Structures are given as C-alpha cells and as structure tokens.
Amino acid sequence: GQTSIMEQVKPAAMYTFATCFVFFLLFIILYFTMGVADLTYHSHTAPPQNVNLERYIAKDVGGNWETNGNPWSGNTCFCNKDDVMSCAGTSDGKRNDLEADKSGCVKDSGDMEIGVTAFVYMIGLLTALGWLTFVPFGGVGIIALPVDLINGWRNRPKKISRAEYNDR
C-alpha cells in the first residue's frame, strides 16, 4: 500500500537539509578563502588641453569683454592606443594632425581587489550553481521538446467511421 505523509516528508526533509548543508559549507569555505573580486584596470592619461585664452577673450575700447573666436585655438591633444600623442590644431580652421612624442602619454594598468559582501557572494554562488544545472537540463530540453511534439502529432486521435465505432 499507501505510505503515510510522514514517510514521504522524512526523506524530503533529509535531502533538503543535506543540500542546504553542502551549499552553506561550500559557501563558507569559498567566502573565507576567495571573498574578493579581482578587477584588472587600464588607465590612459594625457596632458591638459592647450587653451589659448588670450586669443579668445579680448577687451574692446569701451572696457567690455567679448569673445573673439575659438578658445581651443591651441593644439587639442589626446593619446591613442599606441601611446602616441596626436594633436589637432584648429587655429586656422583646418584640421592639422601632427604627432608629438610619447612623453605626455601615461599608461597604467594593474589589479585591484575589492572585498565582496557575504550577500553578494551568496548570490554569485547561487547563480553559478544555477547555470551548472541549467546547461545540462537546457540541453536535454532542447532535444526532448521537439521529439515530444512530433510524437504527440504522430499519436494524435484519428477520425474513425461510424461503422468502426459501432463495432467497438
């Protein structure tokens, strides 16, 4: 026969407890051994822009200040991916590309460790375990769904004649 409710609840509770125990043991071991996030960063800096304010601001005869052209009349410089400073001069209204030396470009890179809270670490661990279970079950489901749909269509109820129905 039939099994009682307690006979069904006991193994379910034991499996749930064992799963939670293993997860929290894994969480504690990993959190206290690798509880930081390692981030690699790259930093590129260039010297300040060359702004020619004397050319931009002029004083007229009446003592009023007025603008006179483009304040960026000097060379606007930036560092490219090869750490070569490129400058675009716009004093004459035309783009004037010229190469400067590498001395103005500063490239820095390194690793930064950031401490992670226990809550964020637990979410990351649950996400990793979720993906580890999703990959095989998702793969099985991708194959099983079309096969089940094809078999459902092949084994669908077929129309029978009235005479065949009366014979049954």
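Contact here means heavy atoms within 4.5 Å. Keep that cut-off in mind for the helix stops below. The model on screen is predicted.

**Stop 1: the whole chain**

Show the protein chain as a cartoon. Four helices and seven strands should appear. Trace them from the N terminus: the pattern runs α-β-α-β-β-β-β-β-β-α-α.

Switch on the surface. The accessible area of the protein chain is about 14,000 Å². Carbon and sulfur atoms account for 63% of that area. Of the 168 residues in the chain, 12% are buried. Now consider contacts between residues at least 6 apart in sequence: 49% of them join residues at least 24 apart.

**Stop 2: helix α1**

Select residues 5-33, which make up helix α1. This helix has 29 residues. From first C-alpha to last, α1 reaches 42 Å, close to the 42 Å expected at 1.5 Å a residue.

Which residues of α1 are buried? Pick out Phe23, Phe27 and Tyr31. The cover over the buried residues of α1 includes α3.

Keep the spacing of a helix in mind here. An α-helix has 3.6 residues a turn, so residues three or four places apart point the same way.

**Stop 3: a nonpolar patch**

Colour Phe17, Phe21, Val22, Leu25 and Ile29. These residues form a nonpolar patch on the surface. Together they offer about 540 Å² of accessible area.

Zoom to Ile29, which sits in α1. Is Ile29 buried, partly exposed or exposed? Its relative accessible area is 47%, so Ile29 counts as partly exposed. The partly exposed class lies between the 20% and 50% cut-offs.

**Stop 4: helix α3**

Select residues 118-154 for helix α3. Count 37 residues here. The helix reaches 53 Å from its first C-alpha to its last, close to the 54 Å expected at 1.5 Å a residue.

Where does α3 kink? Centre on Phe134, where the kink is about 25°. The proline Pro136 follows shortly after.

Next, show the buried residues of α3: Tyr121, Leu125 and Gly138. What covers them includes α1. The cover runs the other way too, with α3 among what covers the buried residues of α1.

**Stop 5: Ser109 in strand β7**

Select residues 106-115. This is strand β7, and Ser109 lies within it. Ser109 is partly exposed because its relative accessibility is 44%.

What does Ser109 touch, leaving aside neighbours within four places in sequence? Show Tyr41 and His42, the residues in contact with Ser109. Then draw a distance between the C-alpha atoms of Ser109 and Tyr41: it should read 5.4 Å. Along the chain, these two residues are 68 apart.

**Stop 6: the salt bridge**

How many salt bridges does the structure hold? There is one. To see it, display the side chains of Glu164 and Arg168, which meet at 3.3 Å, N to O.

Compare the two partners on the surface. Glu164 has 35% relative accessibility, so this residue counts as partly exposed. Arg168 is exposed, since its relative accessible area is 72%. The cut-off for exposed is over 50%.

Terms used:
Residues numbered from 1 in each chain as written. Predicted model: local features only at pLDDT ≥ 70, side-chain atom pairs only at ≥ 80, totals over all residues. Heavy atoms only, no water. Helix = DSSP H or I, 4+ residues; strand = E, 2+ residues; numbered from the N terminus. Buried < 20%, exposed > 50% of the residue type's maximum accessible area, 1.4 Å probe, protein only. Areas by Shrake-Rupley, 256 points an atom, 1.4 Å probe, with all protein chains shown as cover. Patch = residues over 30% accessible without salt bridge, like charges linked within 9 Å, V, L, I, M, F, W, Y side chains within 5 Å. Salt bridge = Lys/Arg side-chain N within 4 Å of Asp/Glu carboxyl O. Expected span 1.5 Å × (residues − 1). Bend = angle between axes of the 7 residues up to and from the residue.
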